[in-house]
Amino acid sequence: MTNWVNWAGDQHCAPARVAAPRNPDEVAELLADAAARGRTVRVAGAGHSFTDAVLTDGLLLDLSGMNRVLELDARTGLVRVEAGATLNAISTTAHAAGLAFPNLGDIDVQTIAGATATGTHGTGATLQNISAALHSIELVRADGTRVEVSAENDAEAWRAARVSIGALGVVTAVTLQLVPSFVLEGIERPVPVDEVLAELDSYVDGNEHFEFYMFGHSPLAMTKRNNRVDLPEQPRAKAVDWLADIVLSNYTFDALCRLGRAQPRTIPWIHRAAAYAGSYRRQV
């Protein structure tokens, strides 16, 4: 048996077998073998879901070997990818062809099948979750048959398949409807909590993407807004990204959380310091 643990560490299981198929035919063979042995089947993507949807003592499928971009049509915006392709890999390939997802979350290491099947989302009052970019879905069903589902050929199955949590079969490929690439201006700054709450509708309606974080012992909220702009992209240097996203956001805040757990009397100080530490930042 091999132990499986999700990204957050809050879900784990010991499957009887972990298999990594390379194509839909191998998926079908594995499903037939599992049925003969009376084993349940689950599929693991990048493990970013906090739920127990993957947990099994039977067969666990790892689709990381099915990660190719199969077709890309820059004219129509349709992109065909295997289920194990990550959001990062798809975005990188699509951007080179002038295409992008309409909406993404903060993290891009998830597989496309896992991200859509679990309803992964970004922000934006007028923007849908990632599954809205699906144009069609290829499924291998429990009996080994393969079916392509879309709004045109089976509207009811399509509604269920878009966010299925794996219940309809193993997703082996999807076709995405992407949009022309665009540039976002991101602005992060601390704003008094009272102001954010008093003007919340204007913040939400006045930005394509808006979110805020509150600290229980601080009068400040950290706000973040992203809006499309007609400017050349100016990605941050990798060293700056590493410092901000890894050292500060991960290691430093993790250390502060551990300190607060060990010394609860420091929590108010940590909250106030964290709110002020998130000073103004802009990137395009």
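**Note on the predicted chain**

1. Start with the hairpin. Strand β14 (residues 209–214) is joined to β15 by 6 bridges, and the two run antiparallel. The hairpin formed by β14 and β15 has 5 residues between the strands. One facing pair is easy to check: Y213 stands opposite M222 in β15. Please bear in mind that this is a predicted model.

2. Strand β15 has another antiparallel partner. Strand β13 (residues 184–192) pairs with β15 (residues 220–228) over 9 bridges, in the antiparallel sense. Two positions help to fix the register. R189 stands opposite T223 in β15. E185 has N227 of β15 as its bridge partner.

3. How much of β15 is buried? Of its 9 residues, 7 are buried, so β15 is largely enclosed by the rest of the structure. The cut-off behind that reasoning is a relative accessible area under 20%.

4. Strand β13 also pairs with strand β16 (residues 281–283). That pairing is antiparallel and spans 3 bridges. Here E188 of β13 is matched with R281, its bridge partner in β16. So β13 deserves a look from both ends of the list: it pairs with β15 and with β16.

5. Now the parallel sheet. It is open, has 3 strands and follows the order β3-β5-β4, with parallel pairing. Strands β3 (17–19) and β4 (41–44) stand at the edges. Each has a single partner strand, so one side of each is left without a neighbour in the sheet. On average, neighbouring strands of this sheet are turned by 25 degrees against each other, direction ignored.

6. Which helix packs on that sheet? Helix α1 (residues 24–37) does, touching β3, β4 and β5. The direction of α1 makes about 170 degrees with that of β5. Within the sheet, β4 and strand β5 (residues 59–62) pair in the parallel sense over 4 bridges. One residue pair to display is V43 with L61, its bridge partner in β5.

7. Next, H48. This residue is found in the loop between β4 and β5. Is H48 buried or exposed? Its relative accessibility is 18%, so H48 counts as buried. Leaving aside neighbours within four places in sequence, H48 is in contact with W7, I107, V109 and Q110.

8. G98 is another loop residue to inspect. It lies between α2 (87–96) and β8 (99–100). With 31% relative accessibility, G98 counts as partly exposed. Residues up to four places away in sequence not counted, G98 touches V179, P180 and S181. The C-alpha atoms of G98 and P180 are separated by 5.7 Å, although the two residues are 82 residues apart along the chain.

9. Check the backbone at I165. Its phi is near 50 degrees, a positive value in a residue other than glycine. I165 sits in the loop between α4 (155–162) and β11 (170–177). Is the residue buried or exposed? I165 is exposed, with a relative accessible area of 53%.

10. Some totals for the whole chain. There are 8 helices and 16 strands. The C-alpha atoms fill a box of roughly 60 × 50 × 35 Å, taken along the principal axes. Of the 284 residues, 37% are buried. Among contacts with a separation of 6 or more, 63% come from residues 24 or more positions apart.

11. Surface and charge close the note. The accessible surface of the chain comes to about 15,900 Å². Carbon and sulfur atoms hold 54% of that surface. The chain carries 24 positive and 33 negative side chains. The centres of these two sets lie 5 Å apart.

Terms used
Residues are numbered from 1 along each chain as its sequence is written. This is a predicted model: local features need pLDDT of at least 70, side-chain atom pairs count only at pLDDT 80 or more; totals for chains, interfaces and linings use all residues. Side-chain values use heavy atoms; hydrogens and water are left out. Two strands pair if DSSP finds at least two bridges between them. Axes are lines fitted to C-alpha atoms, for helices over the stretch in contact, and angles run from 0 to 180 degrees between N-to-C directions. Contact means heavy atoms within 4.5 Å. Buried means under 20% relative accessible area, exposed over 50%, partly exposed in between (1.4 Å probe, protein chains only). Accessible areas come from the Shrake-Rupley method with a 1.4 Å probe; for residues, only the protein chains shown count as cover. Lys and Arg count as positive and Asp and Glu as negative; His and the chain ends are not counted. The place of a charge is taken as NZ of Lys, CZ of Arg, CG of Asp or CD of Glu.
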